[in-house]
Amino acid sequence: MSDSGTSIALPGPRLERFTDRGVSVWVDPGLAEAGIAVAFTERGGGASSAPYDSLNLAAHVGDDLARVDENRSRVLALLGMSDLRDRLVSAVQVHGDRIRLLGGHDAGRGAFASGGRNPVPGTDAMVTLSAGMPLVMLYADCVPLVLATLTPVRCVAVVHAGWKGALARLPEKAVRVLCDAAGCEARSARAYVGPRIGPCCYRVDKKRASLFAGEFDTIAPVDGGLDIRAAVCESLADAGIDDRNVAVLDACTFDDSGSYFSFRASPVTGRHAALVAIAKGI
């Protein structure tokens with residue numbers, strides 16, 4: 001895929017698990033061939049000790065920062081991006097709906113837990129047209145979301161959707177920023193929904209359920225299990241993304257806290273990640 005708008009036939013979005021030296025990620029090989037890498041990490045294969053064991057990627061949870069940096073390096077190495085280690089971008093996530101459009105000058109913001117440039121402040125979605133600048137956000141029950149366009153230009157976004165962001169329709173807003181930046185219609189965009197707490201384990205009261213039911217047709221106004229994934233997917237559909245262009249990793253972080261970090265399962269814990277990057281020179 002070139003930024004000139006030349007198109008190639010790609011299979012629909014999908015997520016496949018890839019493991020090397022104990023580090024596991026979920027990727028879309030077809031999208032990678034088109035010059036965009038998307039990845040959702042698991043928690044194994046890292047350098048961190050309990051309760052952050054072992055591939056904790058967050059600097060703010062109390063883990064040894066040198067180990068966090070080593071873990072980030074391992075993920076990028078697995079994805080073939082070791083040369084972009086100092087160009088990684090992270091953010092201070094605040095459970096809001098602020099979206100930032102980033103350029104090449106933002107490369108390296110928050111790349112290293114142990115020093116260097118500060119992360120992008122106060123945001124829960126990052127969008128970029130810039131190649132060679134991996135964007136990463138961190139999770140432990142909230143919904144990881146990656147967005148991508150291929151034509152007329154490549155553009156990507158990573159979104160952190162907790163219940164507040166989902167209720168504020170952050171995914172829908174992020175799609176609009178992404179497509180405005182790329183100059184495309186939403187139906188051509190791709191979306192990838194990562195591991196998050198499921199309605200089986202995310203119990204909420206009737207008040208919170210009613211808030212979601214008032215915003216989303218897929219949510220019932222009763223107390224019980226809240227399906228944040230359903231709200232995110234409805235938000236994507238309302239933005240105009242074709243449901244055939246949405247890939248969902250069907251994993252509950254609470255149920256599978258051996259593979260993913262879960263704040264509700266263990267309040268002192270690490271964070272897994274969603275990452276997206278546009279390759280250089282394609």
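Which residue in strand 8 is the bridge partner of Val127? In this predicted model, Val127 is paired with Ala157. The bridge belongs to the contact between strand 5 and strand 8, which run antiparallel over four bridges.

These two strands are part of an open sheet. Six strands build the sheet, in the order 4-5-8-7-9-12, and the pairing is mixed. Strand 4 (99–102) and strand 12 (246–248) each have a single partner strand, so they stand at the edges with one side lacking a neighbour in the sheet. On average, neighbouring strands here are turned by 15° against each other, direction ignored.

Two helices lie across this sheet. Helix 4 crosses strand 4, strand 5, strand 7 and strand 8, and runs at about 165° to strand 8. Helix 6 lies across strand 7, strand 8, strand 9 and strand 12, at about 20° to strand 7.

Sheet and helices also meet in the largest nonpolar core. In soluble globular proteins, nonpolar side chains tend to be buried together. The core holds 39 residues, and the members touching the most others are Leu145, Leu147, Val175, Leu178, Val232, Leu236 and Ile241. At least two residues come from each of strand 5 (125–128), strand 7 (143–149), strand 8 (155–161), helix 4 (170–182), strand 9 (190–193), helix 5 (206–215) and helix 6 (228–239). Helix 6 gives the largest share, with seven residues. A second, separate core has 31 residues, among them Leu15, Val120, Met137 and Tyr260.

The surroundings of Leu145 illustrate the packing. Beyond residues up to four places away in sequence, Leu145 touches Tyr139, Ala157, Val158, Val159, Pro171, Ala191, Tyr192, Val193, Val232 and Leu236. Ala157 thus appears both as a contact of Leu145 and as the bridge partner of Val127.

Aromatic rings were examined next. The count comes to one aromatic pair. The ring centres of Phe212 and Phe216 are 6.0 Å apart and the planes meet at 25°, so the pair is stacked. Both Phe212 and Phe216 are buried. A charged side chain also sits over a ring: Arg208 lies over the face of Trp163, 3.8 Å from the ring centre.

Another open sheet has five strands. The order is 1-2-3-13-6, and the pairing is antiparallel. Strand 1 (16–20) and strand 6 form the edges, each pairing on one side only. Neighbouring strands are turned by 25° against each other on average, direction ignored. Strand 1 and strand 2 (23–27) pair in the antiparallel sense over five bridges. Within this pair, Thr19 stands opposite Ser24 of strand 2. Helix 2 (65–78) lies across strand 1, strand 2, strand 3 (36–41) and strand 13 (272–278), and runs at about 50° to strand 2.

One loop residue deserves separate mention. Met133 is located between strand 5 and strand 6 (135–139), in the loop. Its relative accessible area is 0%, so Met133 is buried. Apart from neighbours within four places in sequence, Met133 is in contact with Arg87, Val89, Leu102, Gly103, Gly104, Asp106, Ala107, Thr128, Val276 and Ile278. Met133 and Gly108 are separated by 25 residues in sequence, with their C-alpha atoms 7.9 Å apart in space.

Notes
Residues are numbered from 1 along each chain as its sequence is written. This is a predicted model: local features need pLDDT of at least 70, side-chain atom pairs count only at pLDDT 80 or more; totals for chains, interfaces and linings use all residues. Side-chain values use heavy atoms; hydrogens and water are left out. Rings of Phe, Tyr and Trp (its six-membered ring) pair if their centres lie within 6.5 Å; planes under 30 degrees apart count as stacked, over 60 as edge-to-face and the rest as tilted. Buried means under 20% relative accessible area, exposed over 50%, partly exposed in between (1.4 Å probe, protein chains only). A charge sits over a ring if NZ of Lys or CZ of Arg is within 6 Å of the ring centre and within 35 degrees of the ring normal. A nonpolar core is a set of buried Ala, Val, Leu, Ile, Met, Phe, Trp, Tyr and Cys residues joined through side-chain atoms within 4.5 Å. Contact means heavy atoms within 4.5 Å. Two strands pair if DSSP finds at least two bridges between them. Axes are lines fitted to C-alpha atoms, for helices over the stretch in contact, and angles run from 0 to 180 degrees between N-to-C directions.
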